[in-house]
Amino acid sequence: QLVESGGGLAQPGGSLTLSCAASGFDFGNYAMSWARQFPGKGLEWVGGIVKDPTDAYYDDSVKGRFTITRDNAKRMLYLQMNDLKLEDTARYYCAKERTSYQITGRDYDLRGQGTQVTVSS
């Protein structure tokens, strides 16, 4: 199970940190991703992190603004979002990749219910 939290309303240029609590699987042995969904659109990959907390990868739209981290001991995944833009408004999901080191950005076998992020002035 994956449960996201931390969404809400932020102003342009502001920051939010999303959290994802994992349970029911060996969290520390799997790569994880964050994805988002705009109204009426499909899932869009935001970024991912391999099982080792040191290697994270990002979509160009968020690179330099968003940071993904994980705490394997706490079974937690995080998405630090800085310099938020109006176009970041979406529902954000954490998702489990199928392997330890491959980030597909689309082939997930578990996904949370999501948390809404709204960026508005």
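Author: Let's start with a term: a disulfide here is a pair of cysteine sulfur atoms within 2.5 Å. Keep in mind that the model we're looking at is predicted.

Reader: Thanks! How many disulfides does the structure hold?

Author: The structure holds one disulfide. Cys20 is joined to Cys94, with an S to S distance of 1.9 Å.

Reader: Is that disulfide right-handed or left-handed, and why?

Author: The disulfide is right-handed, because the torsion about the S-S bond of Cys20 and Cys94 is about 45°.

Reader: Which strands do Cys20 and Cys94 lie in?

Author: Cys20 is in strand β3 and Cys94 is in strand β9, so the pair ties together parts that lie 74 residues apart in sequence.

Reader: And are those two cysteines buried or exposed?

Author: Cys20 is buried, and Cys94 is buried too.

Reader: Speaking of buried things, which residues touch the most other members in the largest nonpolar core?

Author: That core has 26 residues, and the ones touching the most other members are Trp34, Phe66, Leu77, Leu79, Met81 and Tyr92.

Reader: Which strands supply at least two residues of that core?

Author: Seek out β3 (16–22), β4 (32–37), β5 (43–49), β7 (66–71), β8 (76–81), β9 (90–97) and β11 (115–119) in the structure: each of these supplies at least two. The largest share comes from β3, with four residues.

Reader: Let's zoom in on Met81. What does Met81 touch?

Author: Leaving out residues up to four places away in sequence, Met81 touches Gly14, Ser15, Leu16, Leu18, Arg65, Phe66, Tyr92 and Val117.

Reader: Okay, new topic: rings! How many aromatic pairs are there?

Author: The count comes to two aromatic pairs. One of them is Phe25 with Tyr30, which is edge-to-face, at 6.1 Å centre to centre and 70° between the planes.

Reader: Why are both a distance and an angle given?

Author: Those are the two values that describe a pair of aromatic rings: how far apart the centres are, and the angle of the planes.

Reader: Got it. Is Phe25 buried or exposed?

Author: Phe25 is buried, at 14% relative accessible area. Its partner Tyr30 is partly exposed, with 24%.

Reader: Which residues form the aromatic cluster?

Author: Phe25, Phe27 and Tyr30 form one aromatic cluster.

Reader: What sits over the rings of that cluster, say Phe27?

Author: The charged end of Arg70 sits over the ring of Phe27, 4.4 Å from its centre. Over the face of Phe25 you'll find Lys96, at 5.5 Å from the ring centre.

Reader: Neat! Can we talk about loops? Where does Arg98 lie?

Author: Arg98 lies in the loop between β9 and β10. Arg98 is partly exposed, with a relative accessible area of 44%.

Reader: What does the side chain of Arg98 make a polar contact with?

Author: The partner is the side chain of Asp107, at 2.9 Å. Not counting residues up to four places away in sequence, Arg98 touches Tyr30, Asp107, Tyr108 and Asp109. Asp109 is 11 residues from Arg98 along the chain, and their C-alpha atoms are separated by 6.3 Å.

Reader: Hey, Tyr30 is from the ring cluster! What about Gly114, where is its place?

Author: Gly114 is in the loop between β10 (108–111) and β11. Gly114 counts as buried, because its relative accessible area is 10% and buried means under 20%. Among residues over four places away in sequence, Gly114 touches Glu4, Arg91, Tyr92 and Tyr93.

Reader: Next door is Thr115. Which strand is Thr115 in?

Author: Thr115 is in strand β11. At 10% relative accessibility, Thr115 is buried.

Reader: What does the side chain of Thr115 reach?

Author: It reaches the backbone nitrogen of Gly7, at 3.1 Å. Neighbours within four places in sequence aside, Thr115 has contacts that include Glu4, Leu18 and Tyr92.

Reader: Last one: where is Lys85 found?

Author: Lys85 is in the loop between β8 and β9, and is partly exposed at 30% relative accessible area. Apart from residues up to four places away in sequence, Lys85 touches Arg65 and Val119. Lys85 and Val119 are 34 residues apart in sequence and 6.4 Å apart in space, C-alpha to C-alpha.

Technical notes:
Residues numbered from 1 in each chain as written. Predicted model: local features only at pLDDT ≥ 70, side-chain atom pairs only at ≥ 80, totals over all residues. Heavy atoms only, no water. Core = buried A, V, L, I, M, F, W, Y, C linked by side-chain atoms within 4.5 Å. Buried < 20%, exposed > 50% of the residue type's maximum accessible area, 1.4 Å probe, protein only. Contact = heavy atoms within 4.5 Å. Polar contact = N/O pair within 3.5 Å; in protein donor to acceptor, adjacent residues only side chain to side chain. Phe/Tyr/Trp six-rings, centres within 6.5 Å; stacked < 30°, edge-to-face > 60°. Lys NZ or Arg CZ within 6 Å of the ring centre and 35° of its normal.
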